[in-house]
Amino acid sequence: VLKLFVSHCDLKPTARVVGIIKRNWRPFCGMLFLSQIKEATRHLFTPADRRIPRIRIETRQASTLAGQRIMVAIDGWPKHSRYPNGHFVRSLGCAGDKETETEVLLLEHDVPHQDFSQAVLSFLPKMPWSITEEDMAVREDLRHLTVCSVDPPGCTDIDDALHCRDLPNGNQEVGVHIADVSHFIRPGNALDQEAASRGTTVYLTGRRIDMVPELLSSNLCSLRCNVERLAFSCIWEINEKAEIIKTRFAKSVINSKASLTYAEAQMRIDDTSMNDDITKSLRGLNRLAKILKRQRIEKGALTLSSPEVRFHIDSETHDPIDLQTKELKDTNSMVEEFMLLANISVAQKIYEEFSECALLRKHPAPPPSNYDILNKAAKSKNLVIHTDSAKALADSLDAARVDNFPYFNTLLRILATRCMMQAVYFCSGMDSDFHHYGLASPIYTHFTSPIRRYSDIIVHRLLAVAIGADSTYPDLMDKHKQSALCNNLNYRHKMAQYAQRASVAFHTQLFFKSRGIMNEEGFILFVRKNAIIILIPKFGLEGTVFFENKNKPSPKLVFNDEATTLTVEGHTFNMFDKVKVTISLDASNIQHQKIRMSLVEPVIPGVSVAPSEPNEPEAKKAKLDH
């Protein structure tokens, strides 16, 4: 009867579990907490994943395992027992140790990272390897072109290279040349099955888990300079207005003339005294890329933001010695524009040829409720964000400016990024909505990174069949198998993202562990009922300042959900307010260490803390720097 008086929007669907069809048990990583009973053999294991209950195990080596990360498997869960029963599987190493913690995060995120088996390695080409006359006979010889690659510093798995040259008719020819990985990985063999299972290369801080063996990823497939390499080329004729006149695809042989970093490429473009062929090619690419980007944005493509960090690692200890947000240059955007253009061109071609089994990538439009936090944030600054289309959102974000607050627009774009849905792979014959919301493109795929993404290998195979450069095979044309493959790729990509974030979080903890307490300025990103969430732009770091503490009386808190404000002892915090905080590492729980932030400014009696003094190593460093 009471439910009759509850508004419809307050009703929530409820349910209860009536049966377990299949147990989804796996070995869990965590730590053993010893029983207080002397000489006991039964102890409780606490998993690293907080969602998993503690597990009771029997072991006589508990004293040896204390302080170590271990793996435990569940055997069963008696009906009337508070905890499931399990058994010890193996020790992973000391808690807090870099190698141990990396192993834990790989296992917990289900990232395949074992060494490649002999069966897999047996399908690699025999060394020394070289391009044969048979290869040359069925490929376009593009070795004469001024091709170069532009990548982050230290990159060894170079997937892509570019060229740009003037044509006699006044137009320009632009080529995107992608490593021809599918030449080396043939359908169905052990190497192919392993790459399909891994799905993606996983980039951790200071470590890379390859999708394919190193002989391919860093050598034979990597488009390094001054060596001949097999490529799959997408070549356009483009006019002055960056309009595509003609598109063609070809299996090719290239010889890259330079492997540049983004900074090196930018320096060449900016240095007016440099006029060699590589620099001219880069300037042509950069000019066209700016027009292409403007055209994309005019169509409604989103320019979002998420703070990415870069660690500077000590060459001997491999500990992080500096942490800063990544700086993006024009050349980052230049490469991105042509990769996007290649992906769209290839998507159109493979769908045109194989409407039922093309492997594509879509980005669904977010439901309106996803934008609630963005709308509230804009409203707090008397701005309105229109979210009825990607174009409306892009225009609103461009116009959202606050006087004397240049970082505001970046903060708003960070919030907009949080509203987005996850982009996913799908098979064209199993779906009808192809649209990529973020790129404002009716069709899209991944073609440009086959060394590190299995999706791109499948797309290469489809394109090769489409242009008559390779033969097909049954699984490639089976939409149900393609769809099952897409499900695995989506899972692997999601888990890789989580593992990468966990690795950044762990190395951030190591960084602050060696620094002691630091004072930094930040901005309020979110306001909660008893806390504010702060973004520190200098480190691209997010943390929470809690105003309720078990060990002392809570201050008076008033939360306004509509205005998204929190008033603490009379001081009102709004989204985007500038604050000063101390940052430190809370290592009280060795298994769940976390970054702790405390408010310094604004000063609220009984709530704020005093700013920290620089710790001794930092003070010495400051003197030396001075």
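Reader: Which residues touch the most other members of the largest nonpolar core?
Author: Leu-216, Trp-236, Leu-282, Phe-338, Leu-359, Phe-447 and Tyr-454 do, in a core of 87 residues. This is a predicted model, where local features need pLDDT of at least 70, side-chain atom pairs count only at pLDDT 80 or more, and totals for chains, interfaces and linings use all residues. Residues are numbered from 1 along each chain as its sequence is written, and side-chain values use heavy atoms, with hydrogens and water left out.

Reader: What makes a set of residues a nonpolar core?
Author: Its members are buried Ala, Val, Leu, Ile, Met, Phe, Trp, Tyr and Cys residues, joined through side-chain atoms within 4.5 Å. Apart from the core of 87 residues lies another, of 52 residues, among them Phe-405, Leu-541, Val-568 and Phe-573.

Reader: Why does Cys-29 count as buried?
Author: Buried means under 20% relative accessible area, exposed over 50%, and partly exposed in between (1.4 Å probe, protein chains only). Cys-29 has 0% relative accessibility, so it counts as buried. Cys-155, with a relative accessible area of 26%, is partly exposed.

Reader: How many disulfides does the structure hold?
Author: Zero. For Cys-29, the nearest cysteine sulfur is that of Cys-94, 15 Å away. A disulfide needs two cysteine sulfur atoms within 2.5 Å.

Reader: Why is the sulfur of Cys-155 not in a bond with that of Cys-225?
Author: Cys-225 holds the cysteine sulfur closest to that of Cys-155, but the 12 Å between them is too far for a bond.

Reader: Why are the buried residues of helix 7 said to line one face?
Author: Helix 7 covers residues 262–270, and its buried residues are Tyr-262, Ala-265, Gln-266, Arg-268 and Ile-269. Seen down the axis, they fall within an arc of 160°, so they line one face of the helix. The arc is that of the directions from the helix axis to the C-beta atoms. Met-267 and Asp-270 are exposed, on the face turned away from the buried side. Helices (H or I, at least four residues) and strands (E, at least two) are DSSP runs, numbered from the N terminus.

Reader: What makes strand 19 mostly covered?
Author: Eight of the ten residues in strand 19 (518–527) are buried.

Reader: How do you know that strand 19 is joined to strand 25?
Author: Two strands pair if DSSP finds at least two bridges between them. Strand 19 and strand 25 (residues 578–586) have six, and run antiparallel. One of the partnerships is Phe-523 with Lys-578. With strand 20 (residues 531–536), strand 19 forms four bridges, also antiparallel.
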